[in-house]
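Here is a short briefing for work at the bench. Keep the sequence and the structure open while you read.

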Amino acid sequence: MASTLSDLRFDNRFTADLPADPVSSVQSRQVAGAGYSRVTPRQPGKPSLLATSAEMVHELGLLPDTVASDDFLLAVSGGVLPADADPYAACYGGHQFGNWAGQLGDGRAITLGEIVTGAGHRHTLQLKGAGPTPYSRGADGLAVLRSSVREFLCSEAMHHLGVPTTRALSLALTGDPVMRDMFYDGNPEWEPGAVVCRVAPSFIRFGNFEIFASRGDHTNLRTLADHAITLHFPELVDGRHQLTADDYVSWFTEVARRTATMIVEWQRVGFVHGVMNTDNMSIHGLTIDYGPYGWLEDYDPGWTPNTTDRQFKRYRYSAQPHIGQWNLTQLANAIYPLVGAAEGLQAGLETYVSTFNEQWASMMAAKLGLVGADTEAVSGLVQRLLEILPRTETDMTLFFRELGSVETAEAVEPEQRLAPLLDAYYRPDELTGDLRAETLAWLDDYAACARRHQLNDQQRHEAMSRVNPRVVLRNYLAQVAIDRASDGDPSGIHELLEVLRHPYDDQPGCERFAEKRPEWARSRPGCSMLSCSS
Ligand code: AMP
Ligand code: MG
């Protein structure tokens with residue numbers, strides 16, 4: 001157990017394996033021939049700790065008391081560097097909204113280094129919002145409270161939901177105001193500055209490979225691939241260090257598989273990332289970079305929370321699976337020089353599609369509580385349901401959760417079957433005529449399918465409650481916690497974090513976190529649509 005962050009065992013392989021930028025200034029510039037630039041976090045004016053994740057504190061091997069110390073606060077807000085830290089900003093590029101955007105890089109994230117826990121787990125610690133780097137492109141390198149609360153809460157919530165994600169150790173205020181034009185309408189305001197300490201095996205993105213490939217720097221492309229594979233995917237190459245074209249292909253195929261699994265999980269819980277640019281795609285298949293993300297409230301496959309994407313909705317809920325494949329195609333193109341032939345990478349992309357399709361079908365069967373039932377019958381029910389749900393605003397989380405309470409016995413009246421679901425409708429008066437008839441018919445067929453497969457209601461209910469969460473981080477819930485924290489009261493963050501730690505449980509006294517979106521939140525900024533300003 002470590003009593004300060006300096007007691008943690010650092011083993012900074014990224015900075016050891018990749019070449020450093022020789023220039024030390026943080027002036028915005030192109031950085032060629034390097035994987036990163038060494039930088040120092042900015043001194044926070046008057047830092048204070050708002051929240052920590054107890055699970056991450058434990059995982060890192062920190063003592064709970066450590067968290068209460070000034071050392072900890074200073075380390076996670078950028079005020080003091082842990083003894084063996086080697087802080088840097090990584091150089092990466094990316095495709096943004098379908099177009100190559102050139103060099104991007106860590107513009108407001110500074111990695112402190114990699115630690116290895118007593119259990120042998122490698123974690124990279126990164127401060128988001130810790131000041132400018134050569135990749136800040138004229139911006140300030142800072143983050144504001146609202147976006148930091150959103151990242152902190154959502155990454156922990158996703159973890160507890162069982163969705164692969166980067167994690168958050170802590171959320172701290174810097175004490176320094178930050179100027180932001182939240183609506184991009186020429187009315188900037190001062191907002192509280194904050195830093196999230198994020199944790200992941202690494203923060204390597206598809207874009208780290210793309211930047212080298214785009215510059216024809218195949219030497220560093222190989223160095224990066226070898227670093228990533230030998231350190232983070234040793235099982236794929238039996239611990240070998242001399243890698244072959246086949247090794248790069250099997251690694252790519254593994255990234256494709258993990259990406260498919262991640263996106264199946266997003267679809268399961270109704271998460272919309274909002275900015276699936278290739279610089280926001282982790283090679284570990286982890287959800288990364290929580291910006292203008294959102295949660296489906298009413299099941300609307302065409303929805304995206306991101307105002308910047310309002311016109312074409314490239315990153316809408318229903319497009320996420322296809323965008324995953326598009327992004328992997330960019331990664332395949334980037335590593336092609338290491339492979340020299342298209343077939344293996346093409347097969348890797350096909351693995352993405354088959355993995356996604358198989359896992360999506362089992363995931364939907366599990367959401368319906370029909371695991372083990374005839375797959376064709378289930379797929380028919382899934383298709384019909386997904387056509388019915390968007391016809392009137394139907395809360396996705398509530399609908400699937402309550403579907404577990406639907407009685408399937410033959411003698412049950414159709415209206416009685418519908419009863420537990422009524423609360424999921426935002427406009428119950430629209431559930432009339434054909435729509436009501438089709439919904440009742442669907443429920444009848446659903447019940448018949450469950451009976452045919454001898455699925456007992458009680459067991460089905462329990463199984464469904466393990467895949468259909470009771471609580472998710474509804475957009476308005478995060479906003480209410482942010483509003484309170486902005487007024488100096490962080491307890492809303494703590495309450496929400498506590499509830500989100502057990503998303504599959506019916507938590508007595510916490511029912512208000514599981515209710516559908518209130519009417520006032522329908523069009524309020526932060527509760528429905530978000531800009532990229534953070
Ligand atoms: P994102 O859309 O959050 O993935 O960011 C895209 C790029 O913009 C990344 O290179 C970020 O580091 C950079 N960026 C975003 N906000 C800031 C900021 N406030 N200061 C510096 N760089 C930023
Ligand atoms: Mg990003």
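The points below cover the metal site, the pockets, the core, the cavities and a few single residues.

This is a predicted model. A magnesium ion (ligand 2) is coordinated by Asn280 and Asp289. The largest pocket has a volume of about 950 Å³, and it lies between domain 1 (5-203) and domain 2 (207-365), because both give residues to its lining. The largest nonpolar core has 155 residues.

**Metal site**

- Asn280 binds the magnesium ion (ligand 2) through OD1, and Asp289 binds it through OD.
- The coordination distances run from 2.0 to 2.2 Å.
- Asn280 and Asp289 are both buried.

**Largest pocket**

- The lining of the largest pocket counts 39 residues.
- Nearest the centre of this pocket are Gln96, Arg108, Arg137, Cys532 and Ser534.
- Two elements, α5 (145-161) and β10 (189-200), give two or more residues each to this lining.
- Helix α5 provides the largest share, with three residues.
- By class, the lining of the largest pocket splits into 14 nonpolar, 13 polar and 12 charged residues.
- Both domain 1 (5-203) and domain 2 (207-365) contribute lining residues, so the largest pocket lies between them.

**Second largest pocket**

- The second largest pocket holds about 330 Å³ of space.
- Its lining is made of 21 residues.
- Met182, Gly526, Met529, Leu530 and Ser531 lie nearest the centre of the second largest pocket.
- Here too, α5 gives the largest share of the lining, three residues.
- The lining of the second largest pocket has nine nonpolar, eight polar and four charged residues.
- Domain 1 (5-203) and domain 2 (207-365) each supply at least three residues to the lining of this second pocket.

**Nonpolar core**

- Among the 155 residues of the largest nonpolar core, Phe209, Trp295, Leu368 and Leu403 touch the most other members.
- Helix α8 (residues 245-269) gives the largest share of this core, 12 residues.
- The core lies between domain 1 (5-203) and domain 2 (207-365), because both give residues to it.

**Cavities**

- The model has three cavities of 30 Å³ or more.
- The largest cavity has a volume of about 90 Å³.
- Its lining has 14 residues, and Phe14, Tyr88, Ser202, Phe203 and Ile204 lie nearest its centre.
- At least two lining residues come from each of β3 (88-90), β6 (109-116), β7 (122-128) and α7 (218-232).
- The lining of the largest cavity has five nonpolar, seven polar and two charged residues.
- Domain 1 (5-203) and domain 2 (207-365) both give residues to this lining, so the largest cavity lies between them.

**Two buried methionines**

- Met262 sits in helix α8.
- Met262 counts as buried because its relative accessibility is 3%, and the cut-off for buried is under 20%.
- Met262 and Pro321 are 59 residues apart along the chain, and their C-alpha atoms are separated by 9.8 Å.
- Met396 belongs to helix α12 (residues 396-403).
- Met396 is buried, because its relative accessible area is 4%.
- From Met396 to Asn468, the C-alpha distance is 9.6 Å, with their positions 72 residues apart in sequence.

**Positive phi angles**

- Tyr184 is not a glycine, yet its phi is positive, at about 50°.
- Tyr184 is in the loop between β9 (167-180) and β10.
- Tyr184 is exposed, because its relative accessible area is 51% and exposed means over 50%.
- Gln454, a residue other than glycine, also has a positive phi, near 50°.
- Gln454 is placed in the loop between α14 (433-452) and α15 (457-465).
- Gln454 is exposed, with a relative accessible area of 69%.

Terms used. Residues are numbered from 1 along each chain as its sequence is written. Chains are lettered from A and ligands numbered from 1 in the order in which they are written. This is a predicted model: local features need pLDDT of at least 70, side-chain atom pairs count only at pLDDT 80 or more; totals for chains, interfaces and linings use all residues. Side-chain values use heavy atoms; hydrogens and water are left out. Donors are N, O and S atoms within 2.8 Å of the metal (3.2 Å for Na, K and Ca); water is not among the atoms, so sites may look incomplete. Buried means under 20% relative accessible area, exposed over 50%, partly exposed in between (1.4 Å probe, protein chains only). On a 1 Å grid over the protein atoms alone, a cavity is a set of points where a 1.4 Å probe fits but cannot get out, and a pocket is an open set with protein on both sides within 12 Å along at least five of seven lines; lining residues have an atom within 4 Å of a point. Grid points are joined across faces, edges and corners, and a volume is the space filled by probe spheres set on the points. Helices (H or I, at least four residues) and strands (E, at least two) are DSSP runs, numbered from the N terminus. Ala, Val, Leu, Ile, Met, Phe, Trp, Tyr, Cys and Pro count as nonpolar, Asp, Glu, Lys and Arg as charged, and the others, Gly among them, as polar. Domain bounds come from an automatic or database domain assignment. A nonpolar core is a set of buried Ala, Val, Leu, Ile, Met, Phe, Trp, Tyr and Cys residues joined through side-chain atoms within 4.5 Å.
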